Amino acid sequence: SPLAGADTARASAAQKARTAGRAELRNCSESDREVFDVRVAKWWPDLDRSLQRLYPAEVAADLGLRLVRAAARAFADRHPDLRHLDLVRTLSPDWFEDPSMLGYAAYAERFAQDLAGVEGKLEYLQELGVTYLHLMPLLTPREGDSDGGYAVADYRRVRADLGTNEDLEHLTAALRSSGMSLVLDLVLNHVAREHEWAVAARRGEVKYRNYFYILDTREEVDAFEETLPEVFPDFAPGNFTWDEDLKGWVWTTFNSFQWDVNWSNPDVLFEYAEIILYLANLGVEVLRMDAIAFMWKRLGTNSQNQVEVHDITQALRAVARIACPAIAFKAEAIVAPADLVQYLGTGEHYGKVSDLAYHNVLMVQIWSMLAAGEVSLAAASLRALPPIPSTTAWITYVRCHDDIGWAIDDADAESVGLSGWAHRTFLSDYYSGHYWNSPASGVVFQSNPETGDRRISGTAASLAGLESALRRGDDEAADTAIARLILGYALVMGWGGIPVIWMGDELAMMNDPQWAAEPGHEADNRWAHRPRMDWRLAEARHRAGSPQQQMFSALTRLQQVRRAHPHFHASIAPEIAEIHDEGILAVLRVHPIGPLVGLHNFSNSWRPYPGSALSRLGVLAGTDLTSGATLELSEDDNLWLPPYGFRWVIGS
Ligand code: OTU
């Protein structure tokens, strides 16, 4: 029958793949070859299917074999310690979902000068409970402005001022023995204009011209521009840059010096697969797939979130699972709510793409709730998100190194009687400090008069109101700002997934007033919230009552509680529970051992949550894990939460 024929063809393709791999493993032991065989058998179908969807059949078949060979070479080279980690992780594929996971993200040089310096700060990170360290781009960037390292000139060499590749390997080993995973960016949508591929393209080499999108005429450019938004309308308008060497227009979604690579070229996919294997063998454990949404272009669309992006991810992940299964992929897709969960896999990609993805909807809703003092929009937006595969997890965060874009769905807003546009406008006004009662000290990033879009820069503490309070010498307002900040962190730490602390938030660090002084930074106010670590300020975490002590101890306390309770495992989907007061967001997590309810008051006044609701949720007469105290209802049978207060409650 034709079906049996297809099965036979598939089986013989898989057999070919195993043979191709084996040929590279001549110097390996028979048991290593067997391990490799088993992995190819397991992951080949994922690899093959995704490639078949991306490329013509013969191209896909050939690329599949090349990738298996590359995986085999990387497997053969892999350090025994990393092989051991592969084995451990294969036995606990949910390692990144464990409640003990806590992230920290920083620029190596701003945190500790260089890679050796970072190694010197492991104790500080351990004091916080960090298990996952994201160091911002540290591979060799172009000279001059490099968009904070996101314009990579050499993926295989560490930035000289930070150290050497050996230093990086040393650091990953030191982190591993301290129970921390290193996370690095894989900038895969673009390379620097100075990267060797771009240089070769500029020299006129056809092979490398085909690594990019180069259009000959302004008409072709305009045809694409018709439906393309602009990411940096201020300092990099449009999506194409005329290049005199190329004598053509090259696709540059971001800055003019960041050239988008052409993933419809199978050689590009192969190049990046090899880069992934190379970084994995240096001991990198998680790859942050930068700007992943933009990887595939299609005329007549916004060229974001195209289905091929997920096929590419599936292929790369299958290669990694074969060679270095310890590593995880994290999607950096800061996109509209409707496009987000696809990055963790829906439909045929279910559970087969990224392991982790940024929960920008949660992040945006935290700032929205803090500004509005009410939770109905957040509840509607979060309820509207489809569930994610239980084998994947969110990266939850309050702030990161980028601006905040108001990813609020118009339909979600309408469902609670708001206008999406008006609410986004309110949030931009509020966080830039222009709204009448706003305590925030943020700045507008990339105002786009055409769309009305105004994103926001600023550190969490400055956005929460600490800066303005201290400027006025208003201690009460300062305490309120800290309470707001802690509340935001309580929500992300109780959500499930890996909460990532943006460097400095643990010390309530404020905007860097000197951000524009550095050459190349003056036009990009995201540097306002990328201060240098202030190690003197860090000492204030030992001074009772200081903002630093309040923040630092709240975070460590929350993490201690989290790691001790399996309710926080990421495979348990949080549900937004009954809303009884518009100020209180209740989050329910149902573990087989019992329910846990997080109650968060986002308003500035005392608010009640009814005992009857707690009873229905199964946590009446429960214990608040953060204080260890038994819940006390007041005479009116309500649990009252102070302004910006929260409780994590389990039944008793
Ligand atoms: C990412 O962000 C990085 O986080 C930025 O720091 C880089 O500048 C950029 O890519 C280019 O490498 O547009 O404003 O997902 O929001 O990918 C930040 C959509 C960005 C984008 C995101 C991008």
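At what angle do helix H2 (residues 30-54) and H3 pack, and how far apart are their axes? I began with this pair, in what is a predicted model. I found an angle of about 145° between H2 and H3, and 9 Å between their axes. I noted the crossing of H2 and H3 as right-handed. For the contact itself I listed Phe36, Val40, Leu47, Asp48, Leu51, Gln52 and Leu54 on the H2 side. On the H3 side I listed Ala57, Ala60, Leu63, Gly64, Leu67, Val68, Ala72 and Phe75.

**Entry: H3 on H12**

I followed H3 (residues 57-77) to its packing with helix H12 (residues 266-281). The axes of H3 and H12 are 10 Å apart, and the angle is about 15°. I therefore put H3 and H12 down as roughly parallel to each other. H3 contributes Val59, Leu63, Arg66, Leu67, Ala70, Ala71, Ala74 and Asp77 to this contact. H12 contributes Pro266, Leu269, Phe270, Ala273, Glu274, Leu277 and Asn281. The crossing in which H3 passes H12 is right-handed. I marked Leu63 and Leu67 of H3 twice, since they are listed in the contact with H2 and in the contact with H12.

**Entry: H12 on H13**

I went on from H12 to helix H13 (residues 307-323). Their axes come within 10 Å and cross at roughly 40°, which makes H12 oblique to H13. H12 passes H13 in a right-handed crossing. I read off Leu269, Tyr272, Ala273, Ile276, Leu277 and Ala280 in H12, meeting Ile312, Ala315, Leu316, Val319, Ala320 and Ala323 in H13. Leu269, Ala273 and Leu277 appear here and also in the contact of H12 with H3.

**Entry: the barrel**

In what order do the strands of the closed barrel run? I traced eight strands as S1-S2-S5-S11-S12-S13-S14-S17, with parallel pairing. Neighbouring strands of this sheet are turned by 25° against each other on average, direction ignored. I checked one pair in detail: strand S1 (residues 103-106) runs parallel to strand S2 (residues 132-135), and four bridges join them. Within that pair I found alanine 106 opposite leucine 135 in S2.

I then looked at the UniProt record, an unreviewed entry, which places the feature "domain: Glycosyl hydrolase family 13 catalytic" at residues 105-541. In the model, that span is 38% helix and 16% strand. Its end C-alpha atoms lie 19 Å apart.

**Entry: the open sheet**

I turned to an open sheet of five strands, ordered S18-S19-S20-S24-S22, with antiparallel pairing. S18 and strand S22 (623-624) stand at the edges, each with a single partner strand, so one side of each has no neighbour in the sheet. Helix H21 (residues 475-495) packs on this sheet and touches S19, S20 and S24. I noted that the direction of H21 makes about 160° with that of S20.

I went through the pairings in sheet order. Strand S18 (residues 575-576) pairs with strand S19 (residues 584-591) in the antiparallel sense, over two bridges. Isoleucine 576 stands opposite valine 587 in S19. S19 and strand S20 (residues 594-601) run antiparallel and are joined by eight bridges. How many residues lie between S19 and S20 in their hairpin? I found two.

S20 runs antiparallel to strand S24 (residues 646-650), with five bridges between them. I kept histidine 600 as a reference point in S20: it is the bridge partner of leucine 585, and it also stands opposite phenylalanine 646 in S24.

**Entry: domain division**

Last, I looked up the domain division of the chain. I have domain 1 at 196-260 and domain 2 at 574-650. The centres of domain 1 and domain 2, taken over C-alpha atoms, are separated by 53 Å.

Methods: Residues numbered from 1 in each chain as written. Predicted model: local features only at pLDDT ≥ 70, side-chain atom pairs only at ≥ 80, totals over all residues. Domains from an automatic or database assignment. UniProt positions renumbered as here; feature names shortened; annotations may be inferred. Pairing = 2+ DSSP bridges. Axes fitted to C-alpha atoms, helices over the stretch in contact; angles between N-to-C directions. Parallel < 35°, antiparallel > 145°, perpendicular 65-115°, else oblique. Left-handed = near helix turned anticlockwise from the far one by under 90°. Contact = placed C-beta atoms within 7 Å.
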